[in-house]
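Got your viewer open? Let's take a walk through this one, a stop at a time.

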Number of protein chains: 2
Amino acid sequence: MTAARRSGASRERILEAAAEVVSEHGYAGTTIARITERCGLPASSVYWFFEDKDELLAAVVLHHYEGWLERRPQWRPVGPGEDLVAVLDELLRPWFRDLGEATAYLRLGQSLLLEPREHDSAARTRFVALRREGMQVFEEWFATELRRSGAAGERPPEEVAAELARLLVVATDGLVLSHRAGEGLDSDLFLDLLLDTVAEVLQGAADRPAGTAGDRTDRMGR
Amino acid sequence: MTAARRSGASRERILEAAAEVVSEHGYAGTTIARITERCGLPASSVYWFFEDKDELLAAVVLHHYEGWLERRPQWRPVGPGEDLVAVLDELLRPWFRDLGEATAYLRLGQSLLLEPREHDSAARTRFVALRREGMQVFEEWFATELRRSGAAGERPPEEVAAELARLLVVATDGLVLSHRAGEGLDSDLFLDLLLDTVAEVLQGAADRPAGTAGDRTDRMGR
DNA sequence: ACTTCCCTGTAGTGACCGTTCCATGCATAC
DNA sequence: GTATGCATGGAACGGTCACTACAGGGAAGT
């Protein structure tokens with residue numbers, strides 16, 4: 001058990017068991033008892049590694065986010081003759097295909113989002129922060145590529161990038177929920193539609209003069 | 001009897017108290033104790049009118065849905081010289097403006113969606129059913145107007161209508177969650193973007209020949 | 001061999017959960 | 001007045017929740 005101690009294998013086991021329980025029983029159905037049953041370790045071990053249930057869930061959120069960061073698409077720059085939307089398609093499609101089933105992470109996070117703000121659990125706070133961080137990954141890639149290609153037209157590239165990143169996040173959230181409702185919404189076609197919208201935003205940005213652009217976009221988020 | 005029970009004012013009080021508790025404390029924080037505290041009636045009254053907590057929540061879902069049906073936008077037909085998207089704008093904008101705060105209904109429903117399917121509570125089952133029903137309200141209006149105006153081009157109007165209805169529902173879900181995350185996503189601008197997308201779908205449907213249209217759209221839906 | 005420290009095992013804790021029991025009101029009808 | 005049935009009041013029920021007190025194991029250092 002030496003190796004187990006040093007490598008923190010028990011902590012990992014608890015973390016993974018918790019994630020499995022969340023994905024099987026949902027947020028409300030996640031109890032310490034189920035987690036201990038799942039990982040074979042007693043509750044005292046759980047409370048040895050984690051201060052309380054809230055901190056454990058926060059750790060689950062962080063754990064999954066880090067996993068996503070490793071497996072996330074590589075944001076390669078757009079080549080000279082390439083279309084930005086085509087590259088985006090290539091980057092996002094595998095991820096969208098997994099959205100229906102694979103992401104217990106998003107399910108847990110969305111449950112946390114729907115909880116009241118006031119009570120402000122560590123898990124919820126962390127998810128909101130990581131969600132924002134993840135969105136910035138999108139945003140910066142967009143901003144870089146828009147700046148390079150000049151596809152944003154008269155509008156500030158950062159502004160268009162923020163808009164597009166928000167659009168992506170909102171769309172994925174909606175897609176996950178739609179899937180949970182058992183509506184057979186096809187991820188592939190939905191991405192098609194989304195990319196069409198992205199193209200349309202870019203088109204609009206390029207066409208529109210600077211003056212009128214401000215009217216439509218200044219309200220988009222903080 | 002059942003009819004006598006359903007007409008009672010106490011039943012209504014319990015129902016409203018439950019809705020308030022849900023909107024304040026979220027799904028997980030909704031307990032019988034809090035509901036009785038809120039409405040001033042004892043738990044025995046709650047169990048006089050409702051079989052159990054699950055049935056009470058199912059009744060809350062139905063109650064709010066019926067309220068929405070009454071307050072929903074009137075789906076007036078599109079006039080001769082009018083644009084379909086412009087009318088849609090007029091119909092949806094007030095509703096979208098309320099989405100951020102007002103709809104405890106959607107918050108409860110989304111929490112139910114994120115619960116596991118197997119356990120299959122009455123409340124969850126009912127929300128899924130009403131969600132589908134509500135979506136069909138959209139769908140039929142779209143289908144009618146598309147059939148009348150011929151805006152669907154070569155594609156079957158029902159198919160385009162289904163696609164647009166799904167798009168609307170997914171977008172509203174995502175918008176509610178985004179708002180819960182505290183991202184200052186502006187509902188007005190988001191609706192602008194959404195309507196642009198609708199217009200784009202219609203444009204694509206009108207332009208595309210029948211043969212290629214099938215490739216993109218057959219996957220949308222069940 | 002002895003201490004040290006990390007982790008596990010057992011057996012709880014009180015609090016709160018949904019739910020139930022049953023006596024009591026309180027109208028209305030006889 | 002007395003009977004009838006809907007609805008309330010209050011006090012409990014067993015169960016499960018998150019969490020803890022504490023003793024013990026077992027590897028590592030000395």
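How many salt bridges are counted between chain A and chain B? The count is two. Keep in mind as you look that this is a predicted model.

For a place to land, select A:Glu183 and B:Arg131. These two residues form a salt bridge, with their closest N and O atoms 2.5 Å apart.

Now zoom out and colour by chain. In this model, 52 residues of chain A are in contact with 52 residues of chain B. Putting the two chains together buries about 4700 Å², and carbon and sulfur atoms give 58% of that area. To see where chain A contributes, select A:Leu114, A:Arg180 and A:Leu189: they lose the most area to chain B, together 16% of what that side buries.

Which surface does each copy use? Of the interface residues of chain A, 100% are also interface residues in chain B, so the copies meet through the same surface.

Next, try superposing the chains. Two copies of a chain are related by a rotation about an axis and a shift along it. Here, a turn of 180 degrees with a shift of 0.0 Å along the axis lays chain A on chain B with an RMSD of 0.1 Å. That is the relation of a two-fold axis. To find the axis from chain A, centre on A:Gly174, whose C-alpha is the nearest to it in that chain, at 2.2 Å.

Last stop, within chain A: select helix α7 (residues 104-114) and helix α9 (residues 157-180). Their axes come within 11 Å and cross at roughly 100 degrees, which means α7(A) is roughly perpendicular to α9(A). Show side chains to see who makes the contact: A:Leu106, A:Arg107 and A:Gln110 come from α7(A), while A:Asp173, A:Val176, A:Leu177 and A:Arg180 come from α9(A). By class, that contact has three nonpolar, one polar and three charged residues.

Before you leave, look once more at A:Arg180. This residue takes part in the contact of α9(A) with α7(A), and A:Arg180 is also among the residues of chain A that lose the most area to chain B.

Notes:
Residues are numbered from 1 along each chain as its sequence is written. Chains are lettered from A and ligands numbered from 1 in the order in which they are written. This is a predicted model: local features need pLDDT of at least 70, side-chain atom pairs count only at pLDDT 80 or more; totals for chains, interfaces and linings use all residues. Side-chain values use heavy atoms; hydrogens and water are left out. Axes are lines fitted to C-alpha atoms, for helices over the stretch in contact, and angles run from 0 to 180 degrees between N-to-C directions. Helices (H or I, at least four residues) and strands (E, at least two) are DSSP runs, numbered from the N terminus. Angles under 35 degrees count as roughly parallel, over 145 as roughly antiparallel, 65 to 115 as roughly perpendicular and the rest as oblique. Contact means heavy atoms within 4.5 Å. Ala, Val, Leu, Ile, Met, Phe, Trp, Tyr, Cys and Pro count as nonpolar, Asp, Glu, Lys and Arg as charged, and the others, Gly among them, as polar. Copies are superposed by least squares on the C-alpha atoms of residues with pLDDT of at least 70 in both. Buried area is the accessible area (1.4 Å probe) that two parts lose on being put together, summed over both. A salt bridge is a side-chain nitrogen of Lys or Arg within 4 Å of a carboxyl oxygen of Asp or Glu.
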